[in-house]
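Here is a set of short exercises to work through with the model open beside you. Try each task on your own, then follow the steps of the solution.

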Amino acid sequence: MRREGNIIEEIITPENMEESFWTVLRGRKRKRSRSGRALIAHKKEVIAELTERIRNGSFKACKFFEKEVEEGGKMRHIQIFSLKERVGVHAIMKVVDEHLRGRFIRTTAASIKGRGTHDLLCYVRDSIANDAQGTEFCYTFDIRKFYENVDHDFMKYCVTRVFKDNTLIQLLSGFVDVMQKGISIGLRSSQGLGNLLLSIFIDHVLKDREAVKHYFRYCDDGRILSGCKKELWKLRDIVCKQAAKINLVIKKIERVFPIKQGIDFLGYVIYPDHTRVRKRNKQNFARKMHKVKSRKRRKELIASFYGLVKHADCRNLFRKLTGKSMKKFSEMGIVYTPADGKKRFPGQTVSLKTLINLEVEIHDYESDITTKEGEGRYLVSLKVKKTGEWKKFFTNLEEMKAILNQISDVEDGFPFETIIESETFDGNKVKYKFT
């Protein structure tokens, strides 16, 4: 595995330190707090101090208090760090996470930029839709108290496998050593480092060595889909063996089952032909709505619930619990208009000669486009009837431009069907036309 160096120089750039400062101090509550006001008043000195401590490797996150938080029916001990230390940790991990992201398999999510629950949900549903036979059964596993049981030695080993900058290794090892056992749930670094540990010991083993086609992981919660139960039990043994290597234990709730029973994952229950919201999420929302009297708070809860159910087949549920109808985007009549007023067409830009003798549907056009060939070009949007592909082409042919202008004045002129033909004139000149 290729190791990366010179990461510290990326971390201590003024732009990264400034952005990290304001990211941690976002929101009115943090800015108005006693420590927030003090940091803002001495921003230059704080950033200069943190920059120097990161450069020489002396930065540590050690000042925190613990808070008990109920999450998903479980009580967790969260470590709350000072704002100043959180600025330094964020500056380091913002750059580290960018370097780590390319090493993670595409079907893992949680605390990875651009990869959340709904992104992974789309991958699961697409796999089931595109490979029904190969996703008939599911193996589900979850690691018991993952963050509390992470082995420090294995975590540091993973860091040294990826980075060769001794100063950065020292800083990241310091984040691991904050807790006597496991890694801190409240520290910004724990999500990225936890993903790295599972990526090396489980994800890449399954994808690279075992060639598992349908594998998905969200933090310490994993799902493997296959068309064969026997194969899934074999993979189950591999997952348990790899977890045991790094002193982690798979929960007893692991099982292999047909997906027609529903895959409980990412807050949803995913079936072969539809998706529902997890029962616990429905119950929690209904109970909150029953207790809340404030109209403003009710609107906030409904908006939050809508953000969850709009990714599932739950229009009736939403109406029953909120008394409101969930609209389809196509029913709203909302159209994006770019600031420059120009139209945006889908598909690849192709030359006219690649469209000769094809049956196409001309859907729209944009006039007076400037390209490197000159001004006054038209951009035409079309769909190839045989394949259903969207394409577009530029033209400066006066005949074609005049026809498009005339059709735009005709009621319901677009879209229209045509075949694009070529015609040779003056010996070797070629022109194109609609027929």
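The exercises below go through charged pairs, aromatic rings and sheets.

This is a predicted model, in which local features need pLDDT of at least 70 and side-chain atom pairs count only at pLDDT 80 or more, while totals for chains, interfaces and linings use all residues. Residues are numbered from 1 along each chain as its sequence is written, and side-chain values use heavy atoms, leaving out hydrogens and water.

**Exercise 1. Find the salt bridge of Glu52 and say how its partners are placed along the chain.**

Step 1. Start with the rule: a salt bridge is a side-chain nitrogen of Lys or Arg within 4 Å of a carboxyl oxygen of Asp or Glu. The whole structure has 24 salt bridges.

Step 2. The partner of Glu52 is Arg55, with the closest N and O atoms 2.9 Å apart.

Step 3. Both residues belong to helix H5 (residues 43-56), and since they are three residues apart there, about one helical turn separates them. Helices (H or I, at least four residues) and strands (E, at least two) are DSSP runs, numbered from the N terminus.

Step 4. Now check the surroundings. Buried means under 20% relative accessible area, exposed over 50%, and partly exposed in between (1.4 Å probe, protein chains only). Glu52 is partly exposed at 38%, and Arg55 is partly exposed at 40%.

**Exercise 2. Which parts of the chain does the salt bridge between Lys251 and Asp142 tie together?**

Step 1. The closest N and O atoms of Lys251 and Asp142 are 3.3 Å apart.

Step 2. Lys251 lies in the loop between helix H12 (229-245) and strand E7 (255-258), and Asp142 in strand E4 (residues 137-142), so the bridge ties together parts 109 residues apart in sequence.

Step 3. Lys251 and Asp142 are both buried.

Step 4. Compare the salt bridge of Glu254 and Arg236, at 2.8 Å from N to O. Glu254 is in the loop between H12 and E7 and Arg236 in helix H12, so that these distant parts, 18 residues apart, are linked. Glu254 counts as buried at 17% relative accessibility, whereas Arg236 is partly exposed at 24%.

**Exercise 3. What is the nearest side chain of opposite charge to Lys391, and how far away is it?**

Step 1. Locate Lys391 in strand E14 (residues 390-395).

Step 2. For charge, Lys and Arg count as positive and Asp and Glu as negative, while His and the chain ends are not counted. The nearest opposite charge is Glu389, 4.1 Å away, and Lys391 is buried yet has no salt bridge.

Step 3. List what Lys391 touches, taking contact as heavy atoms within 4.5 Å. Beyond its neighbours within four places in sequence, the contacts of Lys391 include Pro346, Gln348, Leu355, Val380 and Leu382.

**Exercise 4. Describe the ring pair of Phe59 and Phe175.**

Step 1. Rings of Phe, Tyr and Trp (its six-membered ring) pair if their centres lie within 6.5 Å; planes under 30 degrees apart count as stacked, over 60 as edge-to-face and the rest as tilted. The count comes to 14 aromatic pairs.

Step 2. Phe59 and Phe175 are 6.3 Å apart from centre to centre, with 85 degrees between the planes, and form an edge-to-face pair.

Step 3. Phe59 lies in the loop between H5 and strand E1 (64-71) and Phe175 in helix H10 (residues 166-176), so the pair ties together parts 116 residues apart in sequence. Both rings belong to buried residues, Phe59 and Phe175.

**Exercise 5. Place Phe434 among its ring partners and in its sheet.**

Step 1. The ring centres of Phe416 and Phe434 are 5.8 Å apart and the planes are at 85 degrees, so this pair is edge-to-face.

Step 2. Phe416 sits in strand E15 (residues 416-425) and Phe434 in strand E16 (residues 429-434), 18 residues apart. Ring pairs also link Tyr365, Tyr378, Phe414, Phe416 and Phe434 into a cluster.

Step 3. Two strands pair if DSSP finds at least two bridges between them. E15 and E16 pair in the antiparallel sense over six bridges, and Phe434 is the bridge partner of Ile420.

Step 4. Put the strands in their sheet: six strands form an open, mixed sheet in the order E11-E14-E13-E12-E15-E16. Strand E11 (348-349) and E16 are the edge strands, each pairing on one side only.

Note on methods. Contact means heavy atoms within 4.5 Å.
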